[in-house]
Amino acid sequence: MSTYEVMNVDGGRHVKMWTRGVPVEDEAKAQLANTARMPFVFRHVAAMPDVHLGLGATVGSVVATKGAIIPAAVGVDIGCGMMAVQTSLRAADLPDSLAATRAAIERAVPHGFQSLQGRYVKGSWKIAPSSVVTRWQAFASKLDVIVAKHPQLSAKKPQDQLGTLGGGNHFIEVCLDEAQTVWVMLHSGSRGIGNMIGQHFIKLARDDMRRHFINLPDRDLAYLVEGTQHFEDYFEAMEWAQEYAAENRRAMMDAVLRVLREEVRPFQMGATAVNCHHNYTAREKHFDEEVLVTRKGAVRAGAGELGIIPGSMGARSYIVRGLGNAESFESCSHGAGRTMSRTAARAKFSLAEHTAATEGVECRKDADVIDETPAAYKDIDAVMAAQRDLVEIVHTLKQVVCVKG
């Protein structure tokens with residue numbers, strides 16, 4: 001039985017929404033409707049159960065297009081996504097106090113805007129380790145080609161952010177699954193360079209709209225037409241940023257696994273590892289046609305494909321297997337989804353409430369992370385119920401350590 005509902009849009013495609021039992025604010029529906037009115041949208045827009053108002057485009061939306069791409073729909077954290085690795089460690093192997101383990105992870109991975117003397121400054125490497133320098137060599141020449149065409153992108157030094165976490169809702173967690181097996185899970189993207197690429201091409205798209213006198217319901221829907229130089233340059237830069245984001249996650253994962261081997265004991269890798277984007281565009285085939293699929297806060301869930309759906313700090317997360325649902329463009333949610341803005345969460349919740357909500361998790365319990373407290377997010381169980389025809393649960397994870405940027 002299908003779990004989606006249909007929102008009809010005057011003058012546009014309809015929106016199929018997997019949101020039964022979860023709240024969706026009116027502003028998000030209006031944003032989805034604006035997207036659905038774009039003439040190049042293919043068939044319909046799909047909204048995942050974590051859908052909410054986003055900057056540029058609706059978070060939790062899947063937009064298939066033909067002949068055009070909307071840079072703001074991809075967003076400025078190009079290639080943001082998740083990575084999870086199963087280990088042979090068991091809960092009994094972990095120390096009674098995980099404070100030292102969290103501190104060791106925080107030393108090993110630059111995060112947020114913290115500074116550590118001699119190691120990193122404002123979330124970047126001061127002197128990148130040799131392993132990061134080696135990883136960067138595979139990316140440098142391609143970026144040089146992109147920067148030669150768009151010199152504005154030369155201001156950042158992405159080699160200094162490879163293997164770093166960033167801030168906001170990015171995190172590193174040590175988790176236990178239903179069998180008390182230890183996992184490492186993390187969330188991050190393309191860091192400063194992805195932001196710069198996104199911002200640059202969003203501006204170029206807006207400039208193109210003005211140049212051709214194209215009026216839009218929302219300036220964030222400015223698009224690039226396939227076959228133009230701006231489209232080709234954006235796609236090249238976007239794919240580079242997506243590759244960089246995936247490698248960024250691999251570099252951090254290696255660092256965290258090294259910490260666990262030093263802090264706990266040597267171990268083997270488990271049978272399951274997943275590294276998936278949830279802010280990206282890819283060329284795919286749906287309904288027998290070649291299209292561009294932009295997932296903004298959504299994960300590809302093709303038949304048999306593994307994905308990751310994290311809860312919030314203190315909530316369960318899930319390793320899932322896609323069911324290949326064609327109506328969702330083979331997609332699922334990328335998390336629980338916010339129910340309120342960061343500003344609203346900081347005003348509503350106290351430090352005591354945050355501390356209680358994250359009981360049993362070794363994590364920051366200070367005022368600067370209240371905007372990430374579990375109550376600021378939708379109920380992950382309701383989100384999972386709303387997409388039962390999109391994915392099946394393979395593993396249920398509960399964090400015991402959470403490092404926030």
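Here is a short chat about salt bridges in this predicted model.

Guide: Local features here need pLDDT of at least 70 and side-chain atom pairs count only at pLDDT 80 or more, while totals for chains, interfaces and linings use all residues. Residues are numbered from 1 along each chain as its sequence is written, and side-chain values use heavy atoms, with hydrogens and water left out.

Visitor: Why is the pair E362 and R102 called a salt bridge?

Guide: The term asks for a side-chain nitrogen of Lys or Arg within 4 Å of a carboxyl oxygen of Asp or Glu. For E362 and R102 the N to O distance is 2.8 Å, so the pair fits the rule. By that rule the count comes to 26 salt bridges.

Visitor: What makes D254 and R135 a pair that ties parts together?

Guide: Their side chains meet in a salt bridge at 2.3 Å, N to O. D254 lies in helix α6 (residues 229–263) and R135 in helix α4 (residues 130–149), so the pair ties together parts 119 residues apart in sequence. Helices here are DSSP runs (H or I, at least four residues), numbered from the N terminus.

Visitor: How do you know whether R135 is buried or exposed?

Guide: Buried means under 20% relative accessible area, exposed over 50%, and partly exposed in between (1.4 Å probe, protein chains only). R135 has 17%, so R135 counts as buried. D254 has 37%, so D254 counts as partly exposed.

Visitor: Which residues are linked in a network of salt bridges?

Guide: That network links E284, R295, R300, E305 and E330.

Key: Helices (H or I, at least four residues) and strands (E, at least two) are DSSP runs, numbered from the N terminus.
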